[in-house]
Amino acid sequence: MMEKVYARTKGIQDKVSGFCPGCMHGTVHKLIGEVAEELDIMDRLVRAEGVGCCGLGQSYVSYDTALAPHGRACAMATGMKRSNPDSIIYTYQGDGDLASIGIAETMHAANRNENISVIFINNGIYGMTGGQMAPTTLLGMKSTTTPEGRDPQKGQGYPMHMCEILNQLVGPYYLERTTCIDPAHVRKTKAAIKKAFQNQIDGKGFSMVEIVTSCPTNWGLSPLKALDFLQNDMLKEYPLGVYRDRSREEKEAE
């Protein structure tokens with residue numbers, strides 16, 4: 001009998017998800033579950049999730065979840081962590097949720113260095129709510145509210161870069177931007193999520209992993225063409241890398 005070397009993580013339920021083909025939410029959910037198993041925190045893990053496609057995850061994960069009012073996941077996670085410090089609290093939010101209606105909650109949680117972990121899904125558009133322009137929508141990118149493409153000359157502003165914005169604050173402990181475009185980057189994303197959770201376990205404070213993903217449905221592209229757009233357009237606007245890691249500074253100071 002052959003040894004089984006790969007199995008479904010216990011962090012997700014054994015059911016077919018409702019995420020669109022080519023969407024990377026499923027991959028990220030799998031990575032979170034695997035990290036929780038490896039760190040042995042599954043029984044302490046709690047998720048404060050945003051609305052839209054991010055909110056669908058409550059149907060697929062196997063640990064405790066709480067659906068936050070739109071944009072308020074970081075505020076909810078703050079209260080959950082302060083009232084139950086032994087729990088491992090993470091938020092799961094999209095760009096409209098975290099960077100638009102929730103930008104105040106996000107920035108103040110980061111500025112206070114709250115001991116929570118934030119998983120930020122950046123696909124450049126509002127997903128489940130109709131494909132409207134998000135704070136992260138690229139210049140020239142079409143959406144239901146920018147049918148001719150995002151144009152700052154029409155009062156539609158510029159793409160917002162959350163890792164760079166939060167990096168201006170003193171408080172955050174760890175900020176990294178990753179993607180799931182291919183297996184190598186999936187592994188890097190998993191390592192970043194694991195670091196964010198380990199930072200919380202160690203009491204280090206606020207960690208955010210921004211994951212640049214695709215949304216084939218609202219981009220109007222096939223899953224394969226969406227990968228091309230992600231590679232050639234999204235990643236040029238949102239460079240991958242570590243923007244803040246105080247653990248490196250601490251090692252250098254030793």
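**Helices, strands and ring contacts in the predicted model**

With a relative accessibility of 62%, Asp 40 counts as exposed. The structure described here is a predicted model, and Asp 40 makes a convenient starting point for a walk through it. Asp 40 belongs to the loop that joins helix H1 (25-39) to strand S1 (45-49). Its phi is near 60°, a positive value in a residue other than glycine. This positive phi of about 60° comes just after H1.

Helix H1 itself can be checked for length. Its 15 residues, at 1.5 Å a residue, should span 21 Å, and the end C-alpha atoms are 21 Å apart, which agrees. The buried residues of H1 are His 25, Val 28, His 29, Leu 31, Ile 32, Gly 33, Glu 34, Val 35, Ala 36 and Leu 39. An α-helix has 3.6 residues a turn, so residues three or four places apart point the same way. The list for H1 includes Val 28, Leu 31, Ile 32, Val 35 and Leu 39. The packing partners of the buried residues of H1 are S1, strand S3 (88-94), S4, helix H6 (183-201) and strand S6 (207-212).

Helix H6, one of these partners, passes the same kind of check. For its 19 residues, 1.5 Å a residue gives an expected span of 27 Å; the end C-alpha atoms are 27 Å apart, in agreement. Within H6, the residues Val 186, Thr 189, Lys 190, Ala 192, Ile 193, Ala 196, Phe 197, Asn 199 and Gln 200 are buried. After H6 comes Gly 203, with a positive phi near 75°. Another positive phi, about 55°, is found at Asn 113, which is not a glycine. Asn 113 sits in the loop between helix H4 (103-111) and strand S4 (117-122). With a relative accessible area of 25%, Asn 113 is partly exposed.

Strand S3, also a partner of H1, contains Gly 94. Gly 94 has a relative accessible area of 12% and is buried. Apart from its neighbours within four places in sequence, Gly 94 is in contact with Cys 54, Ala 99, Phe 120 and Ile 121. Lys 142 lies 48 residues from Gly 94 along the chain, and the C-alpha atoms of the two are separated by 18 Å.

Strand S5 (residues 174-179) is mostly covered, with six of its six residues buried. The cover extends to both faces: Tyr 174, Glu 176 and Thr 178 are buried on one side, and Leu 175, Arg 177 and Thr 179 on the other. S5 pairs with S6 in the parallel sense, over six bridges. Within this arrangement, Thr 179 stands opposite Val 212 in S6. Tyr 174 of S5 also takes part in a contact with a charge: Lys 195 lies over the face of the Tyr 174 ring, at 5.8 Å from the ring centre. A further charge of this kind is that of Arg 47, whose charged end sits over the ring of Tyr 92, 4.3 Å from its centre.

Turning to the aromatic rings, the whole structure contains four aromatic pairs. One of them joins Trp 219 and Phe 229: the ring centres are 4.8 Å apart and the planes are at 65°, so the pair is edge-to-face. Trp 219 is in helix H7 (residues 216-219) and Phe 229 is in helix H8 (residues 223-237), so the pair ties together parts that are ten residues apart in sequence. Both residues, Trp 219 and Phe 229, are buried. Elsewhere, Tyr 63, Tyr 90 and Phe 197 are linked into a cluster by ring pairs. Phe 197 in this cluster is one of the buried residues of H6.

The cysteines complete the account. The structure holds zero disulfides. Cys 54 is in no disulfide, and the nearest cysteine sulfur, that of Cys 53, is 7.2 Å away. A disulfide requires the two sulfur atoms to be within 2.5 Å. Cys 54, which is in contact with Gly 94, counts as buried at 3% relative accessibility. Cys 163 is likewise in no disulfide; its nearest cysteine sulfur is that of Cys 74, 13 Å away. At 0% relative accessibility, Cys 163 also counts as buried.

Methods: Residues are numbered from 1 along each chain as its sequence is written. This is a predicted model: local features need pLDDT of at least 70, side-chain atom pairs count only at pLDDT 80 or more; totals for chains, interfaces and linings use all residues. Side-chain values use heavy atoms; hydrogens and water are left out. Buried means under 20% relative accessible area, exposed over 50%, partly exposed in between (1.4 Å probe, protein chains only). Helices (H or I, at least four residues) and strands (E, at least two) are DSSP runs, numbered from the N terminus. Rings of Phe, Tyr and Trp (its six-membered ring) pair if their centres lie within 6.5 Å; planes under 30 degrees apart count as stacked, over 60 as edge-to-face and the rest as tilted. A charge sits over a ring if NZ of Lys or CZ of Arg is within 6 Å of the ring centre and within 35 degrees of the ring normal. The expected span of a helix is 1.5 Å times one less than its number of residues. Contact means heavy atoms within 4.5 Å. Two strands pair if DSSP finds at least two bridges between them.
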